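Please load the model in your viewer, show it as a cartoon, and keep a surface representation at hand. The tour begins with the chain as a whole and then moves on to smaller selections.

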Amino acid sequence: MTDGKVEPGRADPGWVADALREHDHASRPSDPGGRRELPVADREQQVLDRIDRARRRSPRVREDRITMAHGAGGKATQTLIEAIFLGAFRNPLLEPLEDSAELRLAGSRVALTTDSYVVSPLFFPGGDIGDLAVNGTVNDLSVTGATPLYLSAGFILEEGFPVADLTRVAESMRAAAAAAGVCVVTGDTKVVQRGKADGCYINTAGVGLMERDVTLGVATARPGDAIIVSGPIGDHGITIMLARGELDIEADVTSDTAPLNGLTASLLDAVPDVRAMRDATRGGVATILNEIARAAAAGVLVSEEDIPVRDEVRGACELLGIDPMYVACEGRLVAVVPGNSADRAVAALRDHPLGAQATVIGQVTSEQPGIVQLKTAFGGTRIVDLLVGDPLPRIC
């Protein structure tokens with residue numbers, strides 16, 4: 001930590017501010033004329049402990065209406081899922097809250113996932129809503145160790161949407177499915193009145209076969225494990241933001257949307273004891289790190305200097321006041337592996353075109369369970385919390 005302050009777009013100021021106020025109140029002596037100063041390490045520990053207690057409170061949606069933040073993949077999304085949906089649908093298959101559910105059908109292990117795509121604009125450098133829908137669904141299956149096989153595709157179309165654009169989207173989905181080795185086998189189409197949608201929304205579901213004898217999940221992370229990212233982060237989110245044309249910023253960036261099934265297979269072949277994999281979509285790498293820390297009841301420590309970010313993306317983030325760790329990717333994964341397997345894991349990822357810049361960014365620790373800390377380039381540390389607002393709405 002530094003001085004307890006949280007930079008804009010990085011973390012929730014509420015928890016930290018409340019913890020600091022509670023700490024300052026508790027540190028005041030009975031003598032109103034003075035204050036008892038604690039050592040810096042003790043003060044930081046007290047703040048961390050109070051933040052942890054705040055995070056353990058039962059989730060409750062405080063807003064009366066849904067906001068854009070509820071779809072950002074950060075704290076508001078997590079609260080919505082746990083307080084509303086998990087509360088209503090709780091069962092052992094849903095509770096892990098992994099990217100896919102593991103089902104057992106006729107003696108086989110099957111992975112099932114679903115997702116919806118509302119990206120704006122529909123077409124952007126490096127891809128469009130069609131290949132994004134296919135790749136995103138394939139990736140949700142892949143990071144659970146499954147081999148993706150079949151997809152569904154549901155289209156919600158707005159009256160007046162150009163047929164030529166719909167044809168382009170469908171062709172993009174066809175090409176993406178062929179590249180990933182999957183088939184779109186069923187679907188649905190609905191049309192709503194003009195002004196009731198934004199051109200085209202796509203909902204998908206995916207089914208994959210879990211042939212490997214592995215059970216992946218962030219809850220299995222253990223102190224000493226290494227945390228690996230498969231390549232530069234933030235490309236997709238920044239590409240979408242700049243493609244909207246609302247900002248006078250030019251940068252040579254394209255979306256990293258890609259199917260990860262080949263990359264995950266290579267990693268699992270080389271390192272069968274992989275603990276967990278996640279694709280860093282909404283909420284970015286920072287959200288995944290917090291999911292690891294929380295689910296495993298462990299600490300996470302990462303190094304800012306080891307996190308790969310393209311110069312163009314970093315520059316755009318600095319101009320926008322956004323931390324790249326919170327910016328979405330669509331072709332990057334975060335993996336947790338035993339520490340003694342880290343070198344093999346990085347080598348396996350780098351042997352694949354989509355993992356050429358894979359690197360270890362940190363480790364799981366036994367200190368500060370539930371807290372993610374970042375070693376900054378300046379030598380200090382700060383807390384990396386779940387994002388509260390939504391700096392990049394509708395990026396997928």
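Begin with the surface of the whole protein chain: in this predicted model, the accessible surface comes to about 18,500 Å², and carbon and sulfur atoms account for 51% of that area. Of the 396 residues in the chain, 49% are buried. Switching to the cartoon, you will find ten helices and 14 strands in the protein chain. If you display contacts with a separation of 6 or more, 82% of them link residues 24 or more positions apart.

Next, select strands E8 to E14, which together make an open sheet of seven strands with mixed pairing, and follow them across in the order E9-E11-E8-E12-E10-E13-E14. The two edges are strand E9 (276-279) and strand E14 (381-383), each of which pairs on one side only. Looking along the sheet, you can follow a twist that averages 25 degrees from one strand to the next.

Now zoom in on the E9 edge and add strand E11 (residues 333-337), which runs antiparallel to E9 and is joined to it by four bridges. To pick out one of these pairs, select Arg 278, whose bridge partner in E11 is Val 334.

Finally, bring helix H8 (residues 284-296) into view, since this is the next element to inspect: H8 packs on the sheet and touches strand E8 (226-229), E9, strand E10 (299-303), E11, strand E12 (359-365) and strand E13 (372-375). With H8 and E10 selected together, compare their directions, which make an angle of about 150 degrees.

Technical notes
Residues are numbered from 1 along each chain as its sequence is written. This is a predicted model: local features need pLDDT of at least 70, side-chain atom pairs count only at pLDDT 80 or more; totals for chains, interfaces and linings use all residues. Side-chain values use heavy atoms; hydrogens and water are left out. Two strands pair if DSSP finds at least two bridges between them. Axes are lines fitted to C-alpha atoms, for helices over the stretch in contact, and angles run from 0 to 180 degrees between N-to-C directions. Contact means heavy atoms within 4.5 Å. Buried means under 20% relative accessible area, exposed over 50%, partly exposed in between (1.4 Å probe, protein chains only). Accessible areas come from the Shrake-Rupley method with a 1.4 Å probe; for residues, only the protein chains shown count as cover.
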